[in-house]
Amino acid sequence: MEFNEMIRQFSKRIEVLKNTITTEEGTKMSLIVPLFQMLGYDVFNPMEFCPEYTADVGIKKGEKVDYAILEDGNPSILIECKSCTENLKKHSSQLFRYFGTTTAKFGILTNGMVYQFYTDLESPNKMDLVPFLTIDLENAKESQINQLKKFCKENFNKDEIFSTAEELKYTQLIKNILMEEFDAPSEGFVRHIMTCLKSAKAYDGQITQKILDKFNPLAKKAYQSLINEIVNNKISSALTPEEPAKVDETHIVAEPPKEEPIEPQSKIVTTEEEIEAFYIIRGILVETCDVRDVIRRDTESYFGILFQDNNRKPICRLKLDGKTKSILIPDENKVFTKYTLETLNDIYNFKIQLQEAVKRYL
């Protein structure tokens, strides 16, 4: 089985087992060790995959890290494990202490579901406080699985991984900043936009707090609209069929037209506004599922968005043809709650509810 497919299958195993595991030892045996076995390591050979590796810290002797992957007897990767019931945010300090006492170039902190990868970009032999790569195996993206593949025994090249670690780390941090600005533009972000507008001679007034407050919602709408357009263009280009080959019409013998049966005209009219809303929702869900599974189905009474074109898997319903626009989102019991929309951009305000609706079908 191909590696990426193995990881996707393993993700399903995590989903089944995680609620039955309550201890760190259970997490190691059921989730962590099997993953490193998939990565090609001999987990039963302590000369390669060493449990309880001693990493003395200063005057404290006998300090042990859960596992160390060894190369020629020396650790190259340290692995600190926690129970799948624990959040990793408060546990990196322990791995930080171990890292500086060994020759390991990488440290991994994991609870069996989330894996945080660390190295020493900032200062040699001193583990960075921020991981250069974080992978949630339950929601792993293809690009993240490809990065994980580099840690397979047959692929492992510490110099090559280290050379890309800085790019991975800062790319993710920049993405996080951009997402924060996407959800709630900061004053600095809006001030930068206003400065650019002044430079372009599109605005010549003073940049006061009142002006910043006025342009903050405009900056947010413009940012959301830009992302929406980018996503729509990518989706449209992916869905646009190739242009059919041209036919030499000079050699076609005309046939008499066939009488087609007259069919009653449908009362359903799909508007451009509904199509735009559909692409907004696809854009919101692009990180949650395969957008090809997000399907629109128009009816006489509402514009429906379904998962995998299944009536039993509604994501939401839209009513956009009246004076008041609204979105209806189902809960776990498929009971719909109605929310009013002033503009289509207001759909972004329901990002969490829409993602939760889809997650129930995954």
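In which sense do strands β4 and β5 pair, and over how many bridges? I looked this up in a predicted model. Strand β4 spans residues 106-110, and I found that it pairs with β5 in the antiparallel sense, over 4 bridges.

Entry on the hairpin. I noted that 3 residues lie between β4 and β5 in their hairpin. Among the residues of this hairpin, Gly112 takes a positive phi near 85°. I then looked for a facing pair and recorded that Thr110 stands opposite Tyr115 in β5.

Entry on the other partner of β5. I recorded that β5 also pairs with strand β6, residues 133-136, in the antiparallel sense over 4 bridges. Here Gln116 stands opposite Thr134 in β6.

Entry on burial. I checked strand β5, residues 114-118, and found it mostly covered, with 4 of its 5 residues buried. For β6 I noted two faces: Leu133 and Ile135 form the covered one, whereas Thr134 and Asp136 form the uncovered one.

Entry on the nonpolar cores. In soluble globular proteins, nonpolar side chains tend to be buried together. I therefore looked for such groups, and the largest nonpolar core here has 36 residues. Phe36, Phe49, Ile77, Ile79, Phe117 and Leu137 have the most contacts inside this core. Helix α2, residues 24-38, supplies the largest share of the core, 5 residues. A second, separate core has 28 residues, including Ala277, Leu285, Leu320 and Leu344.

Entry on Phe117. Which residues does Phe117 touch, not counting those up to four places away in sequence? I listed Gly107, Ile108, Pro131, Phe132, Leu133, Ile135, Leu148 and Phe151. Of these, Leu133 and Ile135 belong to the covered face of β6.

Methods: Residues numbered from 1 in each chain as written. Predicted model: local features only at pLDDT ≥ 70, side-chain atom pairs only at ≥ 80, totals over all residues. Heavy atoms only, no water. Buried < 20%, exposed > 50% of the residue type's maximum accessible area, 1.4 Å probe, protein only. Pairing = 2+ DSSP bridges. Core = buried A, V, L, I, M, F, W, Y, C linked by side-chain atoms within 4.5 Å. Contact = heavy atoms within 4.5 Å.
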